[in-house]
Amino acid sequence: MGGTKRMTVSQALVEFLAHQWTVDGDHRERTIPGVFGIFGHGNVAGVGQALKQFNHEQPELMPYYQARNEQAMVHQAVGYARMHRRLGTYAAAASVGPGAANMLTGAALATANRLPALLLPSDTFATRVADPVLQQLEHPHDLGIQVTDAFRPVSRFFDRVQRPEQLFSIALAAMRVLTDPAETGAVTIALPEDVQAEALDVPLEFLQDREWRIRRPRPDRDAFAQAVRAIRAAKRPFLVAGGGVLYSEAERELRAFVEATGIPVGTSQAGGGVLNWDHPQNLGGVGATGTLAANRLAAEADVVIGIGTRYSDFTTASRTAFQNPDVTFVNINVAAFDAYKHGTQLPVIADAREALDELIAALPDLRVDGGYAERIAREKAEWDATVDEAFAPSGLALPGQPEIIGAVQEASDPQDVVVQAAGSLPGDLHKLWRVRDPLGYHVEYAFSCMGYEIAGGIGVKRGAAESGSERDVIVMVGDGSYLMLNTELVTAVAEGIKIIVVLIQNHGYASIGHLSETVGSERFGTKYRAYDPQARNFQGEDVLPVDLAMNARSYGLDVIEIEPTESAVDDLRAAMAQAKASDRSTVIHINSDPHIYAPDGAGWWDVPVAQVSTLDSTQDARAEYEEQAKLQKPLLG
């Protein structure tokens with residue numbers, strides 16, 4: 001197709017994005033179904049004008065959505081991307097200077113989680129005809145460095161459109177990375193504010209529908225054969241399932257493999273949902289926040305099969321989880337970077353679904369022995385009973401977080417999605433939440449960003465709605481994380497997007513408060529208290545008079561306040577039922593006791609303790625730390 005069309009850079013980019021499609025087998029969907037944007041002088045005449053023009057002429061071509069915070073725009077894109085198994089995401093457009101800088105945290109989160117997000121931050125004048133302009137940085141040694149350069153280390157792709165003609169190669173390269181399962185993450189195209197509005201003749205071919213087919217590589221024959229031999233020889237195999245299983249849509253193949261072999265499974269945070277909680281081979285989370293059942297068997301495993309996991313320090317319990325001195329690791333991952341981690345000698349670079357299909361074919365007669373099978377069943381039954389006990393009614397006016405989780409779980413439906421990211425909730429949910437749907441567990445725990453939950457939850461709801469699902473999205477959030485980024489609740493109200501927010505009030509940073517105790521810092525700086533000018537700290541008993549329920553109500557949401565009485569948990573169940581029956585967003589506010597912890601899963605996390613201190617508490621913590629550190633391995637494989 002020949003010919004050109006006279007357009008601005010922004011108009012060309014927006015129309016280009018509207019015609020990009022991701023294809024995975026028989027499934028085809030828009031790669032970028034919409035753009036979030038907050039406009040300022042850096043992009044109102046560029047991307048803003050382009051979106052307005054298309055909204056006027058072709059409203060369905062590239063929908064625009066408002067947001068209240070630039071970081072939250074990226075969180076919404078990430079939440080959507082996980083619900084769509086990385087096949088689609090949103091673009092996020094920000095103005096120059098602080099608008100762009102606000103997206104940096106979101107960019108890092110997307111890249112850490114291997115989830116796609118397209119970022120379009122504005123930049124200062126490429127011509128420098130007005131120099132320095134408002135919000136421009138000035139470095140005497142390099143006048144070209146600007147805020148957008150900070151995106152380089154937190155993006156999987158970065159480029160800047162310095163001249164209009166560069167748009168074509170940059171946009172195509174950005175899409176390649178965005179849709180690559182091994183490379184995806186934050187993809188950043190920096191747009192100088194003058195270049196955004198400049199015109200060029202755009203080839204019509206650039207504006208036509210383009211398909212990006214997801215790569216599903218099969219394992220290399222020789223590497224796979226070595227892995228099969230190792231698995232066949234195992235006496236106590238153990239499988240670690242990560243997010244790659246979900247993104248490959250390999251739950252059915254995983255289930256078939258473990259049912260045929262009897263091999264037990266522990267999941268990473270990203271792998272939650274790849275097996276239903278009550279499946280006989282599912283022992284729950286593994287690692288620092290894992291279950292006692294999974295961690296006991298992981299400690300004794302002679303062959304660990306990692307599928308689609310990046311083996312973070314939480315999954316490996318800071319390299320203390322796998323204690324068999326002769327353990328062998330088979331790492332199956334679509335990304336070579338992750339397949340080779342921790343010194344494994346058996347990396348298999350392959351798509352999770354393709355690898356599982358071949359494992360099923362290569363090991364038709366493999367089955368764990370009867371004694372190991374009985375051990376798996378016993379450990380699972382014991383942990384399930386432990387969770388039942390943690391969920392049991394206490395009658396406390398200030399219930400603990402485990403009991404709150406149990407009540408929310410009981411009131412939820414199997415396809416509902418729980419969303420979380422930071423604090424003590426991710427660890428408790430990893431141990432306790434009984435996932436009943438592949439997409440029912442969304443805990444952002446690669447970057448563990450406080451404030452992700454509400455914006456991410458809205459993105460999850462967008463993703464569900466786009467797929468035609470009416471499942472409820474339940475955002476569980478502590479008061480500390482809520483205070484970090486609650487304003488996106490206004491977005492939910494503006495668009496009529498329904499989410500249920502369970503806001504747990506404990507007047508401080510509960511998770512770090514507990515961690516502070518374990519490292520000997522006695523919860524210093526983790527309580528929300530009035531400043532004591534004599535002691536010069538915030539450790540007193542004067543609780544801040546902050547009314548978070550009133551804050552949520554001021555945004556226009558329905559709010560249900562649970563009074564601190566002996567019926568608090570029963571009232572929470574009733575509130576959940578009311579919220580689920582509503583078609584509006586609801587915030588449920590409940591007070592909790594932050595000193596009631598989830599059952600211990602025997603996982604450890606390496607947080608260094610001061611080597612010398614005048615505090616007895618720190619000295620004791622250091623002694624305990626040194627004992628735990630003795631179990632660490634320099635390499636796993």
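Begin at the second largest cavity, which holds about 90 Å³ of space. The model on screen is a predicted one.

**Stop 1: the second largest cavity**

To see its walls, select Arg85, Arg86, Leu87, Pro116, Leu178, Thr179, Asp180, Pro181, Thr184, Ile214, Arg216 and Tyr247, the residues that line this cavity. Coloured by class, the lining shows six nonpolar, two polar and four charged residues.

**Stop 2: the largest cavity**

The structure holds four cavities of 30 Å³ or more. Go next to the largest cavity, where about 270 Å³ of space lies. Its lining is made of 23 residues, and those closest to its centre are Trp277, Gly284, Gly285, His430 and Trp433. Select these five and centre the view on them. Then show the elements that give two or more residues to this lining: β14 (282-285), α14 (370-391) and α16 (425-432). Colouring the lining of the largest cavity by class gives 10 nonpolar, nine polar and four charged residues.

**Stop 3: the sheet**

Strand β14, just selected for its part in the lining of the largest cavity, also belongs to an open sheet of six strands. Follow the order β14-β13-β12-β15-β16-β17 across the sheet, where the pairing is parallel. At the edges are β14 and β17 (346-349), each of which pairs on one side only. From one strand to the next, the twist averages 20°. In general, the strands of a sheet pair through backbone hydrogen bonds.

For one pairing in detail, select residues 237-241, which are strand β12, and residues 303-307, which are strand β15. These two strands pair in the parallel sense over five bridges. Which residue in β15 does Leu239 stand opposite? The residue opposite Leu239 is Ile305.

**Stop 4: the second largest pocket**

Finish at the second largest pocket, with a volume of about 420 Å³. There are 26 residues in its lining, and the closest to its centre are Gln505, Asn506, His507, Asn591 and Ser592. Select those, then add the elements that give two or more residues to the lining of this pocket. These are the helices α20 (510-518) and α21 (548-554), together with the strands β22 (558-562) and β23 (586-591). How do the residues of the lining of the second largest pocket divide by class? They divide into 10 nonpolar, 10 polar and six charged residues.

Conventions:
Residues numbered from 1 in each chain as written. Predicted model: local features only at pLDDT ≥ 70, side-chain atom pairs only at ≥ 80, totals over all residues. Heavy atoms only, no water. 1 Å grid on protein atoms, 1.4 Å probe; cavity = no way out; pocket = protein on both sides within 12 Å on 5 of 7 lines; lining within 4 Å. Points joined across faces, edges and corners; volume = space filled by probe spheres on them. Helix = DSSP H or I, 4+ residues; strand = E, 2+ residues; numbered from the N terminus. Nonpolar A, V, L, I, M, F, W, Y, C, P; charged D, E, K, R; others polar. Pairing = 2+ DSSP bridges. Axes fitted to C-alpha atoms, helices over the stretch in contact; angles between N-to-C directions.
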